[in-house]
Amino acid sequence: MTANRHGSSLFDGVDRWTVLLYLLIVAAGWLSITAASFDESAASIFSFSHFYMKQIVWIGVAWIFALFVLLLDVRFYHMFAYPAYLAGIVLLVAALLFGREVNGAKAWFEFGSFRVQPVEFAKIATALAIARLMSEYSFSITRLGDLVRIGLLICIPLGIIVLQNDTGSGIVLGSFLFVLYREGLNKWLCIPILLVVALFIASFLLSPMTLLVSLILICTGSEIAISGAVRSRIVFLAAVFLAAILLTLLLALPTHGAVDLYHALLAVSVAAAAGAGIYAYRNRLSESMIAIGIFLGSLVFLPTTDYLFESVLQPHQRERILSFLGIVNDPSGADFNVNQAKIAIGSGGLFGKGFLQGTQIKYGFVPERHTDFIFCTVGEEWGFVGTMTILVLLCLLILRLMRMGERQEEPFGRIYCYCVASILLFHVLVNIGMTVGLVPVMGIPLPFMSYGGSSLIAFTILLFIAIRLDASTRQFSFNKYRH
Amino acid sequence: MIDREEGYRRMKTLQIVVFVIFGLLMGRVAYIQLIDTRYKELARSNVMRREVQYPPRGEVFDRRGAYLAQSRECYDLMVVYREMDKRGFDTARLCNITGITPRRLRQKLADARVSPRAPVLVANYIPKEDKLRFDAGGFRGFYAVYRTVRHYPLSVGGNLLGYVGEVSASYLKNNPAYRAGDYVGVGGVESAYEPLLRGRKGVKILERDTHGAIKGSYMDGLYDTLPEPGRHLVSTIDARLQLLGEELMRGKVGAAVAIEPATGEILMMVSSPTYDPDDLVGRERGNNYMKLLHNKRNPMFNRAVKGKYPPGSTFKLVQGLIGLQEGVLRTTDLHPCHEGYSVGRLHVGCHSHPSPLDLSYAISTSCNAYFCYVFRDILENSKYGGVKNGYDVWRDYVLSFGFGRRLGSDFLDEGSGYVPDRELYDKRYRGSWNSLTVLSLSIGQGELGCTPLQMANLAAIIANRGYYYIPHIVKQIEGCDSLDARFYEKHYTKVDPKHFEPIVEGMWRGVHVDGTSRAARLDGYDVCGKTGTAQNPRGRDHSTFLSFAPKDHPRIAISVYVENGGFGASAALPIASLLEELYLTDTIRRPELVERIRNMQIYYPAYDR
């Protein structure tokens, strides 16, 4: 049992760089939480009523979870991916029905003073399920049926999370596009998806006509890119526009102007898309069908943006988005938090004000300074040197995860590692982006750094599963070489 | 499934995506932290509250140490809107304590709302007792700032001392060192010595948290500065003299100035009507100011340094001195006077007195004809080749006595008076004029305009027999060894000191022997004086009196000018005499005269229309 002697050791094959990066980031996070919540006037600095003392406990608990994750057999994750996913969905629905509302999001379970957000664990379950589904031998991302399956797998929890009013966390699941791309999703489908998201944001700024025309052009453009048939599609486009103009001219007079160019174009393009859809279905042009699907879906989606905007988003979220888009500008309102965050970071300068010396943090000018805005503490107290260090550490961790994914022999491990990388990347982009005013404010934590047990434990498990999968590959290969 | 190669390429693309995202974040962070310096400033303004520490204003004493201007502790009530209690507070109580109306409070809070972080003045001049009650009230967002308010305990010297008020917008524009709400001296001593009296503001930098609660001093007070109190001044004014002067001048329009000849120190300066400087300080300032502004006698006009009066007969002293210096007049020269001076149709009248008469009697009895001769002799002096050249020479003499120009006293708004120049007559008479045309100048009439300060200075010049020190109002400045150098310089006139004695003799004779000034006699003192009765287009003659005493080693030179007071001897002389009596003997032995003058009311049709 040489394999046992060498391979059964708990840390054998564990990627030491990843663990080191993890430990450094957690340590930096704890220091920042200390700075953000330190109270000179408190009776005892070691009291467990302080955030930084509580976080010590959470770090300990997270490590126990990490050990547990490393102890389990790789096959366990493979086997339990779907049950975990189902459990995750059940938990999300349960939270939606029976959960407790915090900051407008009905996304929490409460056990005494301890609160858990099931969405954190749903992310892990979804990542496992995606890895499981996509690693199936028969799975092909170019096939429409499989694409729909993977789309549903992502969209079901996403929908529930959005219903919980936790839009930020929901959008995190959208980051799996990153994984889909790596696994062969046609890039001409990635681009229209991104463009449609951009259009959704732009719909507040653009007129319906401009929106419609750009939508037609985006979808036709991506379809041309997939099929490579330029001439026929341009003829198709020209026909659509001509038909719209003719229709307007014909109907404008008898209907006393009720039919204008916009409505004519809308009608013609829907009809044309439906016809093209039937044509594509008959000729098994699955990717063309997706382009048409995106077009029709967006047509349903875009007119409802106003409705979505008014009903799905919370007033503060609406304000934040509008303020981010520059539609309203109110320094003391929605902009206030971001402004204060920027002031805290900006005032740090090159070397920062030093540990526990940040006035903006200490005197409470930055909201949520120990949770979502923890990066401000880094920026103010450790300056540019500190922010760069954190960003470099996070960047290295994500690149390391991608590298770990690439060296997996099983697609399951690779896909899972990419899932982790994409979740982390999205969290970092949105969290740090919002503190520096690049991204609208969405309440999602900075991985491993923000205060909170549920988030720290979930991210640790998420990461250590990837480490565990990677370790088994390496163990296996070590053992292979040894024999 | 995609092949390995495609997978590798896609991995590279995704790496680029990761690098782009981190590059964006790093670039943005670098911009915020290293390039955009705005945020440091904003962070400071978030945390720091600068509290200006106002210094107490320097106090002003009279030459004997009595308070002329005092600084009293008072407070300004400020509010920072953002830091106010959002749940509201007891407005009625605050109004009650600070003595402002609820309407004004509402208005101030509306103002404060416009700039919610800036401290806004709610009420000023809050006395110490009220401030203590306010402190006990615990009104969040409100705080009291130490200031000093001026108090003038003797209520004298309205135009002399000036007053202290809030800086005006136009003043702020020209003086960047001041901030809105600062106090500044206006007029008189307060404005002349403003930089010294003001002191220097200090600043206390405090740290506050997001709720506005003060957390302590910034950097342990490293950048705090202490206010530097204003310097105290000892003024040259004799408060008793000033008090009596103002009392005697009450009900009359005019000015009285007394100077110590040996130093040029102004002992008293009354501009009448005057006002109580306390009226222009504090909350009632606005109303009182408007009242003074609408007073037709114009109490805020400092007649003592800005008024322009014909000197009348007192100017004969200058005429005589110039004649002596020019050699066209000898003390023994006799000129006839037959109730005046007549050339052709021109007639300058005079009262009846013995004729012919010599210089000293001409001065003592104030003969008009005599000085017509003297003036014409000066102008028609053949060595200058023409009246116009002679006039230039005469004018230079007059200017050397301090007329027609600013003396350079420490009053910033000192007037220059007026001595017409040759060009004026050339223009008016198209070049053809002679000594007869300007003959009225010989007896201090015509275009001549003198400030009461210049007339008092003339008295000092004669008392000193030929020189003067620039009259000044400040004797000593705390922390300074000396005053401005210009106040220590002897200014000689163009007339040799030896020529002064006969003039002094004439002035002495006018008081003690047979002149117009006999009522100015003081037992035990050799008083010298010269009356003046100036014709003017605004009604009765102006009454003026110019005097110094004692004759040898004079201690006080004085000029009193009472508009429409009639003969020099009827209004101006008794006032000057009483002032001399008080200054020289420290007592008043003629209370009935004080009573008479005090009750003397003069009718001013020109003002009171």
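Here are a few friendly notes on the contact between chains A and B, on chain B as a whole, and on one of its helices.

1. Please keep in mind that this is a predicted model. The contact between the two chains draws on 36 residues from chain A and 30 residues from chain B.

2. On the side of chain A that touches chain B, at least two residues each come from α9 (177-182), α17 (334-346), α18 (359-362), α19 (374-406) and α20 (411-435). Of these, α19(A) gives the most, with 11 residues. By residue type, that side of chain A has 20 nonpolar, 13 polar and 3 charged residues.

3. Turning to chain B, you will find 22 helices and 20 strands. Chain B has 609 residues, and 45% of them are buried. Among the contacts in chain B with a separation of 6 or more, 71% join residues 24 or more positions apart.

4. Helix α15 of chain B is worth a look; it covers residues 368-379, 12 residues in all. From first C-alpha to last, α15(B) reaches 17 Å, close to the 16 Å expected at 1.5 Å a residue.

5. How many of the 12 residues of α15(B) are buried? The count is 11, leaving the helix mostly covered. The buried set includes the aromatic-ring residues Y370(B), F371(B), Y373(B) and F375(B), and R376(B) is also one of the buried residues.

6. Which elements of chain B do the buried residues of α15(B) pack against? Three are helices, namely α13 (316-326), α14 (359-365) and α16 (387-400), and the strands β13 (340-343) and β14 (346-349) complete the list.

Key. Residues are numbered from 1 along each chain as its sequence is written. Chains are lettered from A and ligands numbered from 1 in the order in which they are written. This is a predicted model: local features need pLDDT of at least 70, side-chain atom pairs count only at pLDDT 80 or more; totals for chains, interfaces and linings use all residues. Two residues are in contact if their C-beta atoms, placed from the backbone, lie within 7 Å. Helices (H or I, at least four residues) and strands (E, at least two) are DSSP runs, numbered from the N terminus. Ala, Val, Leu, Ile, Met, Phe, Trp, Tyr, Cys and Pro count as nonpolar, Asp, Glu, Lys and Arg as charged, and the others, Gly among them, as polar. A residue is buried if 20 or more other C-beta atoms lie within 10 Å of its own, exposed if 12 or fewer, and partly exposed in between; C-beta atoms are placed from the backbone. The expected span of a helix is 1.5 Å times one less than its number of residues.
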